[in-house]
Amino acid sequence: MSIRVGIPRGLSYYNYFPLWEKFFHSLKVELVLSPPTSSPIFNRGIVLATDETCLPVKVFFGHVESLKGKQLDYLFLPRMVSMEKQTYLCPKLLGFPEVVTALVPDLPPILTADFNLRHNPKELDKSFMSLGKQLGFGSKETKEAARRARLAQQRFVSLLYSGQEFEAAIKGLRVQKRPEEGQLTMGLLGHAYILYDEFTNLGLRKKLNRLGVRLLTPEGQQPEKCQVYLDAMPKQMFWSHSKKILGAGLSFIADPQIDGIINVSCFGCGPDSMVEDMIERACRRSGKPFLSLSMDEHTGEAGMITRLEAFIDMLRRRVEIESNLSAHG
């Protein structure tokens, strides 16, 4: 009988699920994913989490609880410290295994390992070896599973860089999609776990697509291109996600083919508030239109639609009728 491991569909799922999936499948481990975010998951997460946490973290608690009763041998909660040199991930991700077990009762055994590549990317192999050992596998088969996992993650990232939609890339698919005539091109900034969770962001991307907008996100931007703009900053940012968002935002601002910027931030996220201010200031200096959306459990769909429609109408008027119309009043 195969080992059953549960993975909550939140937070690092949106950045690293192909890595986890290929590793476990290569070891013949059965994965059980929590369902896409729904109203019960959303509301339950808000009840379980502490008030000070941001919305994606609250939603993650709902996903964790939804996996209870699924006859799991383990619940996978990696301790995400750093996934690239000289950076850190959010402190909430660092302490997640302990926080979740403290706040959610009656969970299956926790499967965890430290993922800390801050000083050496080869530390990834040690993380996988720790997971394999906990599951009872030998070093040879664990190393082979880790090799396949790295290749799967590389393919996922390359698909995003090639312009694939997230939903296709995470399945390893390459889908051809041609831009429609007359579409506006928008840079959509924010964390992957809010941009690609359709319930949490109130269907934001679909709404923009219906308004005739082509979207570019940080996940689709080559790091080398973004680093050119980050190098011009007086100090390098050490939060991985914020660094990616800021680099993508600055590259969008410099691109004349991009008609405007929408920044989606999580209420209560300190790095988000700082990065948003930096991007908004850069937009003002360049004249690039900018819209800020802050998401929490109280965000209303009607108000968001009104703001999106007004912003898109302003952009179309600015592009088609009055090219000198100010984007900032």
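Start with helix α13, residues 270–286: in this predicted model, the helix lies across β7, β9 (260–266) and β10. Its direction runs at about 165° to that of β9. Helix α14, residues 301–320, also packs on the sheet, and here the strands touched are β7, β8, β9 and β10. Compare its direction with that of β10 and you get about 170°.

Now for the sheet itself. It's an open one of four strands, ordered β8-β7-β9-β10, and the pairing is parallel. At the edges sit β8 (213–216) and β10 (290–295), each of which pairs on one side only. If you look from strand to strand, neighbours are turned by 25° against each other on average, ignoring direction. Zoom in on β7, residues 184–189, and you'll find four bridges joining this strand to β8, with the two running parallel. For one example, take Met186, whose bridge partner in β8 is Leu215.

Carry on past the end of β8 and you come to Thr217, in the loop that leads from β8 to α11 (223–230). Is Thr217 buried or exposed? Its relative accessible area is 11%, and since the cut-off for buried is under 20%, Thr217 counts as buried. Leaving aside residues up to four places away in sequence, Thr217 touches Leu188, Leu195, Tyr196 and Phe252.

Back to α14 for a moment, by way of a lysine. Lys207 is found in helix α10, residues 204–210, and with 10% relative accessibility this lysine counts as buried. What does Lys207 touch, once residues up to four places away in sequence are set aside? The list is Leu202, Glu301, Met304, Ile305 and Leu308.

Let's move to another helix pair, α3 (residues 55–66) and α5 (residues 96–103). These two pack at an angle of about 65°, with 11 Å between their axes, and the crossing is right-handed. On the α3 side the contact is made by Val57, Phe60, Phe61 and Val64, while α5 brings in Phe96, Val99, Val100 and Leu103. Sort those residues by class and you have eight nonpolar, no polar and no charged.

Helix α6, residues 123–135, is where you'll find Phe128. This phenylalanine is buried, at a relative accessible area of 0%. Outside the stretch up to four places away in sequence, Phe128 touches Leu19, Phe23, Thr142, Ala146 and Ala149. Another residue to pick out here is Lys143: 15 residues separate it from Phe128 in sequence, and their C-alpha atoms are 7.7 Å apart in space.

That leaves the cysteines. How many disulfides does the structure hold? Zero. Cys54 is in no disulfide, and the cysteine sulfur nearest to its own, that of Cys266, is 5.3 Å away. Cys54 does count as buried, at 8% relative accessibility. And why is Cys283 not bonded to Cys226? Their sulfurs are 14 Å apart, which is too far for a bond, and Cys226 holds the closest cysteine sulfur to that of Cys283. Cys283 counts as buried too, because its relative accessibility is 0%.

How values were computed. Residues are numbered from 1 along each chain as its sequence is written. This is a predicted model: local features need pLDDT of at least 70, side-chain atom pairs count only at pLDDT 80 or more; totals for chains, interfaces and linings use all residues. Side-chain values use heavy atoms; hydrogens and water are left out. Axes are lines fitted to C-alpha atoms, for helices over the stretch in contact, and angles run from 0 to 180 degrees between N-to-C directions. A crossing is left-handed if the near helix is turned anticlockwise from the far one by less than a right angle, and right-handed if clockwise. Contact means heavy atoms within 4.5 Å. Ala, Val, Leu, Ile, Met, Phe, Trp, Tyr, Cys and Pro count as nonpolar, Asp, Glu, Lys and Arg as charged, and the others, Gly among them, as polar. Two strands pair if DSSP finds at least two bridges between them. A disulfide is a pair of cysteine sulfur atoms within 2.5 Å. Buried means under 20% relative accessible area, exposed over 50%, partly exposed in between (1.4 Å probe, protein chains only).
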